[in-house]
Number of protein chains: 2
Amino acid sequence: MRSHYCGIVDESLLDQEVTLCGWVNRRRDHGGVIFVDLRDREGLVQVVFDPDRADVFATAERIRSEYVLKVTGRVRRRPEGTVNTDLRTGAIEVLGTGLTVLNTSETPPFQLDEDDVGEETRLRYRYVDLRRPTMQRRLQMRAQITGVLRRFLEGHDFLDIETPMLTKATPEGARDYLVPSRTHPGSFFALPQSPQLFKQLLMMSGLDRYYQIVRCFRDEDLRADRQPEFTQLDIETSFMDEEGIMTLMEEMMRELFAQVLEVPLHTPFQRMTYAEAMRRFGSDKPDLRIPLELTELTDVMAPVEFKVFSGPAKDPHGRVAALRLPKGGDLTRKEIDDYTQFVGRYGAKGLAYIKVNDVNAGREGLQSPILKFLPDEVVVEILNRTEAEDGDLIFFGADKARVVNEALGALRVKLGHDRHLVARGWRPLWVVDFPMFEMDDKDNRWVALHHPFTAPRVDNPDELAGDPGHLVSRAYDLVLNGTEVGGGSVRIHNMAMQQKVFELLGIGETEAREKFGFLLDALKYGCPPHGGIAFGLDRLVMLMTGAQSIRDVMAFPKTQTAACPLTQAPAEVSEAQLRELNIRLRQTAADKKEG
Amino acid sequence: MRSHYCGIVDESLLDQEVTLCGWVNRRRDHGGVIFVDLRDREGLVQVVFDPDRADVFATAERIRSEYVLKVTGRVRRRPEGTVNTDLRTGAIEVLGTGLTVLNTSETPPFQLDEDDVGEETRLRYRYVDLRRPTMQRRLQMRAQITGVLRRFLEGHDFLDIETPMLTKATPEGARDYLVPSRTHPGSFFALPQSPQLFKQLLMMSGLDRYYQIVRCFRDEDLRADRQPEFTQLDIETSFMDEEGIMTLMEEMMRELFAQVLEVPLHTPFQRMTYAEAMRRFGSDKPDLRIPLELTELTDVMAPVEFKVFSGPAKDPHGRVAALRLPKGGDLTRKEIDDYTQFVGRYGAKGLAYIKVNDVNAGREGLQSPILKFLPDEVVVEILNRTEAEDGDLIFFGADKARVVNEALGALRVKLGHDRHLVARGWRPLWVVDFPMFEMDDKDNRWVALHHPFTAPRVDNPDELAGDPGHLVSRAYDLVLNGTEVGGGSVRIHNMAMQQKVFELLGIGETEAREKFGFLLDALKYGCPPHGGIAFGLDRLVMLMTGAQSIRDVMAFPKTQTAACPLTQAPAEVSEAQLRELNIRLRQTAADKKEG
């Protein structure tokens, strides 16, 4: 129907006739002439209708915002002084000689350039919301990103292979979405939390290199960057170790950023052990753009009498650390109170601090409610270790190590943003040498930090003896500007090793067989060494497009209560459908009250 | 770990050292030397271990079928007389100088070259089954096919956009898979039968051109070529009519067959109306490779006294037709009985026939139990219309048109295969001008032949008056060698038209609003003219790989009862999980008996 997209008509088409299809972005009447900004996926172009052509002009007079038009016209230079250099089409306009109204539009529920439309409204009228140029660009960039990733992987012999959506509960440990089976009454499929086991089975099938851009599902209470269904770039390869995999993934990321953003990423990416990341940044996904670091003070604080510090310092699971904010001395009492409240969300019981007015003036140069509890040599050591300078502020965390890390780690990021300390650019980082297991305090048992198929950094199952907390895995996470965008590992390919790991996780033989029997079987029949990685595609696209939420890089996301305001899903179903599926609804509390 | 894939080592690598990883396909000991066929995704290579290297030889003596090996060695020419010209690697062998057993294997549940392994066993040990070269090739070709399709579409400005899996019941009319919502007790998501409404919404969002390779779900009783989850290449575009879409799709198919099979498809593809396809082939997906056609006899039979023929011929919904089998006179009584039974499956109450011994000998030259019921002029007309020749056999169908078409249409295909009449090659065909509606005899109401969003071939809703059975839609199906591989249509983009179509389908305003309210809303706000198509990817891959079932082109398909013998899905879940989802199981008949 059209000869060109609106958004690409420029001076190269001067004096040519073009046919355009698009939406009326705006109509203005000026000096007896009608100006229409016609919009399509590629952008806007100005169309002019003058009264010389009476029939076309009469039609043009009817048009309103969001009408769908087909326009034929000649491209001409805009009059001097009306050129818009912000637009690719800004030097030209189209003199309309033909006009068809392909469809009309009622006044849309909101204007496309309105900024403060509520998210519920945006999602309900998503087909209007997605017409905004920002949303169009994001979805276009998302398509471009998946295209580049696919071409890179296919160029490296990876095969795009589909794995089932109707499957068995997967081992990620989040809550599954379940699908009742009609043909097997009382049984349920689970929607996959990831294709983890299937991709390992594909390696056991000799397919060598696999990738898939695949939907995954987790029925969790939603946070800002979570959705019930999300998309993973899932990769697995045989006969390659972690060095090989990480190197290849760096190459992929470099290609991606070069092609999509025209940004050079420098390889090899920085690497850091989990232990170092926690020590320096209180986080296993540190944002390296922020020039703030934690300072270890546990050893310094153990001997002091001040129990708030010495208690955690002497606790084997405790930690005392400082976070110096350069030039933070100007923080007001109110601001410090707000930060205290902020770290409270992470379980910190307070937020001690020292203002450093004059680093050379001894106690006189410092200002702090806790100063009186600290002996001189400790104060000196704090100033030395934090490398404090005049005008700085030093925050303290003292608690279980987990609380200190989470609280100061989050505070570090918040201060970085609040104080405009975040450097520009991209700081990819591999975090490696993760612990195999972490203690689940609630259940007092070891759980896999990644998943139970992650290989430990030992060759022999016998070496798994001793404190499971000290075992290091062959896992690696890719962190980009403080967001974990990918995570993977070399997998266990030896059955004795897999059984030993199940054992350490307290997964008995019966449970192991019931849940993962097919994997244990498969390990018996010639399983190759293999490993892989999975990227959170939504998050990666969010970072690359500069969106604030993964909802802004999905065409039809769900709300925070996992509902779709557009289609009104989920919805009630008929009694007959439930009967076919061999299930019935439970009486809710409300039903009972009514009854 | 490796320098080359096994299957590509050839004379270009003579005298070079290679490192290979793979599975032991076969080990033979011959003349004091050990021969190993090492297998990977790309094929086999022969590795030789001789006793000169004692340590390597000792390791080689341990190896069994399906062990996973890493082999280093030098490529050398095979001794004369032992060259295998069937293999790319058949002129060389690798003299093993290094050998690591990466993993052992128990004796696999079946041999890779066993032909008659039951499907349940194949699916249960899918990771062994998928190691077969045939299965590897199919999955590789599938990946290649999706790659070519994606590149073609992206090269034509189509954007890969993901649509939700957790959504609302879709209008395709098959049974939905349901997913109970935890956060909205008593409500359910449906897994999509297709992204039909979402892709239309994307057009209304101004995204212009969309595609997706997407999983779809139908909870139907399974037939040979159906699976509960299947994959669709889904396409939609704005501002293009059926000519534009069909032409573009032809180009895509031509590109696909050229790149993957190196077969030239000739464009434009043949086109045929639905009416012609039914008349000539009794099917809306005729296999044009089979040179048999139905002959219309309804008008001829109306006046005869023989009720078996004149009854259907006079019934406005009836049909009488013939199917001539050239040189079919040699069919035995038994064979004809078998074909009679075969058409019985389609509801035919019998299968009348005439053997044509001598076409010029009048009744004497014919042989048939029904001959005596037919007057001379009718017999002559039958012979004329069917263009019968000596030695032919003519079958007859007389019943409701639907029964005649299904029975003779199926018989035509069966005879084509049984008599080896199927021509080689690819015969793509567009079937067009479908009826908008068909009568659902059971419920005695009109239903949409495609779906209720298909545009009728009229411009104005008022033109929808009259007999709905005569309305023709703007739908098109792509048929390839008798299989429907794609289907699509131009959609309704005008609200009044959409409402009128709902009305004809007996979908009341309340129902329309409840089910499709969001679509009706969207039609109000500037919906562009649009249309699209969806291809059954599994079927297309099945045809292109020559597989007999779509299960053979999926990595992990389900059985005919929608179960997975590998993972044992679906499975029982805990009472706690059901409680969270606000559902409980119904008591089954068996439970009740026990109770």
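# Why these words fit this structure

In this predicted model, the side chains of A:E11 and A:R77 meet in a salt bridge, 2.8 Å from N to O. The pair links distant parts of the chain, 66 residues apart. A:E11 sits in the segment before strand 1 (17-30) of chain A, and A:R77 in strand 4 (residues 68-77) of chain A.

Q: Why is the pair A:E11 and A:R77 called a salt bridge?
A: The term needs a side-chain nitrogen of Lys or Arg within 4 Å of a carboxyl oxygen of Asp or Glu. Here the N to O distance is 2.8 Å. That is within 4 Å, so the name fits. Side chains of opposite charge can pair when their charged atoms come close. Over all chains, the structure holds 104 salt bridges.

Q: Why does A:R77 count as exposed?
A: Exposed means over 50% relative accessible area. A:R77 has 51%, so it counts as exposed.

Q: What makes A:E11 count as partly exposed?
A: Partly exposed runs between the limits of 20% and 50%. The value for A:E11 is 42%, so the label follows.

Q: Which parts of the chain does the pair A:R142 and A:D538 link, and what makes the pair a salt bridge?
A: Their side chains meet at 2.9 Å, N to O. That is within the 4 Å limit, so this is a salt bridge. A:R142 is in helix 4 (residues 133-155) of chain A, and A:D538 is in helix 15 (residues 537-545) of chain A. They are 396 residues apart. Both A:R142 and A:D538 are buried.

Q: How do you know that the ends of helix 4 of chain A are as far apart as expected?
A: Helix 4 of chain A has 23 residues, and at 1.5 Å a residue these should span 33 Å. Its end C-alpha atoms are 32 Å apart, which agrees. Just after this helix, A:D157 takes a positive phi of about 70 degrees.

Q: What does helix 4 of chain B reach, and what is expected?
A: Helix 4 of chain B (residues 133-155) reaches 32 Å from its first C-alpha to its last. That is close to the 33 Å expected for its 23 residues. B:D157 follows, with a positive phi near 70 degrees.

Q: How do you know that the span of helix 12 of chain A agrees with what it should be?
A: Helix 12 (residues 401-418) has 18 residues, which should span 26 Å. Its end C-alpha atoms are 25 Å apart, which agrees. Its buried residues include A:V403, A:L408, A:L411 and A:L415. Among the elements that cover the buried residues are helix 7 (274-281) and strand 13 (318-325) of chain A. Just after helix 12, A:H420 takes a positive phi of about 55 degrees.

Q: Why does B:E250 have no salt bridge?
A: The nearest side chain of opposite charge, B:R271, is 4.5 Å away. A salt bridge must be within 4 Å, so this pair does not qualify. B:E250 is buried all the same. B:E250 is found in helix 6 (residues 242-261) of chain B. Leaving aside neighbours within four places in sequence, its contacts include B:T267, B:F269 and B:W430.

Q: Where do B:K515 and B:E511 lie, and why is the pair called a salt bridge?
A: Both lie in helix 14 (residues 509-524) of chain B, four residues apart, about one turn of the helix. Their closest N and O atoms are 3.0 Å apart, within 4 Å, so the name fits. B:K515 is partly exposed at 39% relative accessibility. B:E511 is partly exposed at 32%.

Q: Why does A:R491 count as buried, and A:R218 as partly exposed?
A: Buried means under 20%. A:R491 has 2% relative accessibility, so it counts as buried. A:R218 has 25%, so it falls between the limits of 20% and 50% and is partly exposed. The unreviewed UniProt entry has the annotation "binding site" for A:R218 and A:R491, among others. A:R218 is in the loop between strand 9 (209-217) and strand 10 (229-238) of chain A. A:R491 lies in the loop between strand 21 (483-490) and helix 13 (495-504) of chain A.

Q: What makes the link between A:R491 and A:S489 a polar contact?
A: Their side chains are 2.8 Å apart at this contact. The limit is 3.5 Å, so the distance fits.

Key:
Residues numbered from 1 in each chain as written. Chains lettered and ligands numbered in written order. Predicted model: local features only at pLDDT ≥ 70, side-chain atom pairs only at ≥ 80, totals over all residues. Heavy atoms only, no water. Helix = DSSP H or I, 4+ residues; strand = E, 2+ residues; numbered from the N terminus. Expected span 1.5 Å × (residues − 1). Buried < 20%, exposed > 50% of the residue type's maximum accessible area, 1.4 Å probe, protein only. Lys, Arg positive; Asp, Glu negative; His and termini not counted. Contact = heavy atoms within 4.5 Å. UniProt positions renumbered as here; feature names shortened; annotations may be inferred. Polar contact = N/O pair within 3.5 Å; in protein donor to acceptor, adjacent residues only side chain to side chain.
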